[in-house]
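Open the model below in your viewer and keep the selection tool ready. The tour goes stop by stop, and each stop tells you what to select and what is there.

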Amino acid sequence: MENWKNSARTFWTVIVPPTFWLVTFFIIPLSLIWLYSFSSKTGVVDITLDWNLQQYMRALEPLYLGIFWKSIWMAAATTAICLVVSFPVAIAIVFSKPTMRMWLLLLVILPFWTNLLIRTYALIAVLRTNGFINSGLEWIVTHADWALSFIGLGDNTIIGPFTPLQLLYNNTAVIFGLVYVSLPFMVLPLYAALDRLDRSYLEASLDLGAGHTRTFFTIVVPLALPGIASGIVITFIPAMGSYLTPDLLGGTDSYMIANVIASQFKQANNWPFGAALSFLLMYATFFALALRAVLMRKEGRGDKR
Amino acid sequence: MSEAPLIQIKNVSKVYGGSVKAVDDVSLEVQRGEFFALLGPSGCGKTTLLRMLAGFEIPTAGQVIIDGHDMAKVQPNKRPVNMVFQSYAVFPHMSVEQNVAYGLKMDRRPSGEIKKRVAEALDLVKLGGLGKRMPDEMSGGQRQRVALARALVKRPSVLLLDEPLSALDAKLREAMQLELVRLQKTVGITFVIVTHDQSEALSMANRIAVMNQGKVQQVAPPTGLYETPASRFVADFIGKINLIDATAVSAGEGQVKVTAPKIGEVTLKGTAVGPVALAVRPEKIFVDDHKPTDPNVIAVKGKVGEVAYFGSYSNVFFDIGLGAPLQADISNVSSDVEEFTFKAGEEYWIYWRKADTLVLGD
């Protein structure tokens, strides 16, 4: 690498625009929000910076801690389900034919190209009372009942009448939606990790007498650990801060922390409190990232090959 | 030795994508305790054949029998074979000990026995005391020893080795060749090795199968392959050889009458007829100023072309008026440089014994 002082003009040309961008649109606004979190609301639009911690104190009240906890729990459930669902998918893609692999990856990435709002409303169309799932089930139930009527068991004696399942506006719907949205974030890092994995490790394990299940847990999982950790982090963090999905699919008790933050900034018009909640969420995120870094250092030995 | 062969490969074929024949109707037998080599150029199907023994490839047709059992429905983890991979495949997240113990743990051996056998195996490959090391703290040669110990500790009926020495440098490779022969004698396990390196196969194996384009060309001990190759391909693949195109007709009693340009008509031992190749190894050729009088030799006149000096011998190319020059390895028996120096353009009589001449069909 050449010393930057030798080509100062190039250096400044390259460094100034991104720095300007970061400072103007990221660091300054974020700092403002950070300052708000230590301020007091003194009027309808007036905010005074008086370096108090009362916003944070309020944010740590049981009501909000409960919502934090719920967000963590929902995001964790989402991540766990994603991991379990994604592993077979990633394995299937890695072991498919090269031509097929491209199409399968495309299928995983495809939802990225659609707006989240559209995808979520599409999900509502599937899950709502007279949505695809419920009307499909209704069709099956009524036809089964009709078939049973030939042997005198019709008229809802065994099955039916059909009552639509309540699939929307509860926590299950939110987790379902989050899993649907987050799946590519888990599949792709897992795919990358498994693709790097030398097949001869798997063959060696089989050769030494391990079955497929034991090979999976003793060889594949430890060697794919960096990919698993990346997948967990990049699934968990956005899921934890998700706003749209709980807003549209959730019920009255499905509030996640981002919804509370939004309502503080909007309806409640309490920017300082919203700012404090935002930063608590960010601290939690940093904590998760730091935890990952520590864990990865421990596993670092197996990582480098 | 009326014992049944340990490995029987019967009419095995492997077809990829419906048309590519990686292995084409191969039949082989490997005896118990043999050091057997599968030798051939890359893409000849030798590795595919080895992987079929391990169970990683399923034969399209034919039968693989190991130790009297048909392997058709036997998964890799249930076969009495273990493999040393070309990349060694030493698990990077396990210590040397854990690597070697892996197979025994999978067999659910008691921990006392595992400990004892792992230590023995590490001593066998001269890695005693390095059990706690991680693979990334070891050299390529050491990692290979781990792979060997890991496979041998299971006491398989057959040890399969896929190009085990190809990743080592020349010096280490030679040392490992001797080491593998020593190991095989110590443990008495049948070794089947895949290699593209003829010197590796010749120096280590009891018997060698030469493969080309999915077919076995010849199975013979090293000396048999070198001195009496069965085909033009084998003769050309193993060592250096001069090949002169000729035509042969049968002369009865295991003899053929061969007609070749510049050489004329000679009657030689052999069975191949039609278009054949007269073959003679370079070290079996003599050079003289005068035409030899011995009727049991074939002699041609040649002009010295290129000369390559190798210290103990010189590899001399003679132009004998055919398309390809004839090469001779001439021992430098005298220390008088003038005496053995061949100068380009000089004419000599080149001759070799009829008994050393091979008549090879394609």
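The stops begin with the contact between the chains, go on to helices, and end with sheets. Keep in mind that this is a predicted model.

**Stop 1: where the chains touch**

Show chain A and chain B together. On the chain A side, 19 residues are in contact, and they meet 20 residues of chain B. Now colour α8 (199–207), α9 (212–223) and α13 (271–303) of chain A, the elements that each give two or more residues to the side touching chain B. Which element gives the most to this side of chain A? It is α8(A), with 6 residues. Sorted by class, the side of chain A that touches chain B has 8 nonpolar, 7 charged and 4 polar residues.

**Stop 2: α8 and α9 of chain A**

Stay with two of the helices just coloured and hide the rest. Two packed helices are described by the angle between their axes and the distance between the axes. For α8(A) and α9(A), the axes come within 10 Å and cross at roughly 155°. An angle over 145 degrees counts as roughly antiparallel, and α8(A) and α9(A) are therefore roughly antiparallel to each other. The crossing of α8(A) past α9(A) is right-handed.

Next show side chains. From α8(A), select A:Tyr201, A:Leu202, A:Ser205 and A:Leu206; they meet A:Thr215, A:Thr218, A:Ile219 and A:Leu223 of α9(A). This contact of α8(A) with α9(A) has 5 nonpolar and 3 polar residues, and no charged ones.

**Stop 3: α5 and α7 of chain A**

Select residues 116–127 of chain A for α5, and residues 171–196 of chain A for α7. At what angle do the axes of these helices cross? They cross at roughly 135° and come within 11 Å. α5(A) and α7(A) are therefore oblique to each other. Here, too, look for a right-handed crossing, with α5(A) passing α7(A).

The residues to show in α5(A) are A:Leu116, A:Thr120, A:Leu123 and A:Leu127, which meet A:Ala173, A:Gly177, A:Tyr180 and A:Val181 in α7(A). By class, the contact of α5(A) with α7(A) has 6 nonpolar and 2 polar residues, with no charged residues.

**Stop 4: the two domains of chain B**

Move to chain B and give its domains two colours: domain 1 covers 7–232, and domain 2 covers 245–360. How far apart do the C-alpha centres of domain 1 and domain 2 of chain B lie? They are 40 Å apart.

**Stop 5: a mixed sheet in chain B**

Strands of a sheet pair through backbone hydrogen bonds, either parallel or antiparallel. Select the 6 strands of chain B that form an open sheet in the order β6-β7-β8-β3-β9-β10, with mixed pairing. At its edges are β6 (81–84) and β10 (215–220) of chain B, each pairing on one side only. From one strand to the next, the twist averages 20°.

Inside this selection, look at β3 (residues 35–39) and β8 (residues 190–195) of chain B, which run parallel and are joined by 5 bridges. One point to click is B:Phe36, whose bridge partner in β8(B) is B:Val192. Then add helix α4 (residues 140–152) of chain B, which lies across β6 and β7 (158–162) of chain B and runs at about 175° to β6(B).

**Stop 6: an antiparallel sheet in chain B**

Select the strands β13-β12-β11-β14-β20 of chain B, which in that order form an open sheet of 5 strands with antiparallel pairing. The edge strands are β13 (264–269) and β20 (358–360) of chain B. Neighbouring strands of this sheet are turned by 40° against each other on average, direction ignored.

Start with β11 (residues 242–252) of chain B, which 5 bridges join to β12 (residues 255–260) of chain B. Here B:Gly252 has B:Gln255 in β12(B) as its bridge partner. There are also 7 bridges between β11(B) and β14 (residues 274–280) of chain B, where B:Asn242 is partnered with B:Val280 in β14(B). Finish with β14(B) and β20(B), which pair over 3 bridges; there, select B:Leu278 and its bridge partner B:Val359 in β20(B).

**Stop 7: one residue with two partners**

Click B:Tyr351 in β19(B). B:Phe286 stands opposite B:Tyr351, and so does B:Ala299. Widen the selection to strand β15 (residues 286–288) of chain B, which pairs with β19 (residues 347–353) of chain B in the antiparallel sense over 3 bridges. Then add β16 (residues 297–309) of chain B, which also runs antiparallel to β19(B) and is joined to it by 7 bridges.

Terms used: Residues are numbered from 1 along each chain as its sequence is written. Chains are lettered from A and ligands numbered from 1 in the order in which they are written. This is a predicted model: local features need pLDDT of at least 70, side-chain atom pairs count only at pLDDT 80 or more; totals for chains, interfaces and linings use all residues. Domain bounds come from an automatic or database domain assignment. Two residues are in contact if their C-beta atoms, placed from the backbone, lie within 7 Å. Helices (H or I, at least four residues) and strands (E, at least two) are DSSP runs, numbered from the N terminus. Ala, Val, Leu, Ile, Met, Phe, Trp, Tyr, Cys and Pro count as nonpolar, Asp, Glu, Lys and Arg as charged, and the others, Gly among them, as polar. Two strands pair if DSSP finds at least two bridges between them. Axes are lines fitted to C-alpha atoms, for helices over the stretch in contact, and angles run from 0 to 180 degrees between N-to-C directions. Angles under 35 degrees count as roughly parallel, over 145 as roughly antiparallel, 65 to 115 as roughly perpendicular and the rest as oblique. A crossing is left-handed if the near helix is turned anticlockwise from the far one by less than a right angle, and right-handed if clockwise.
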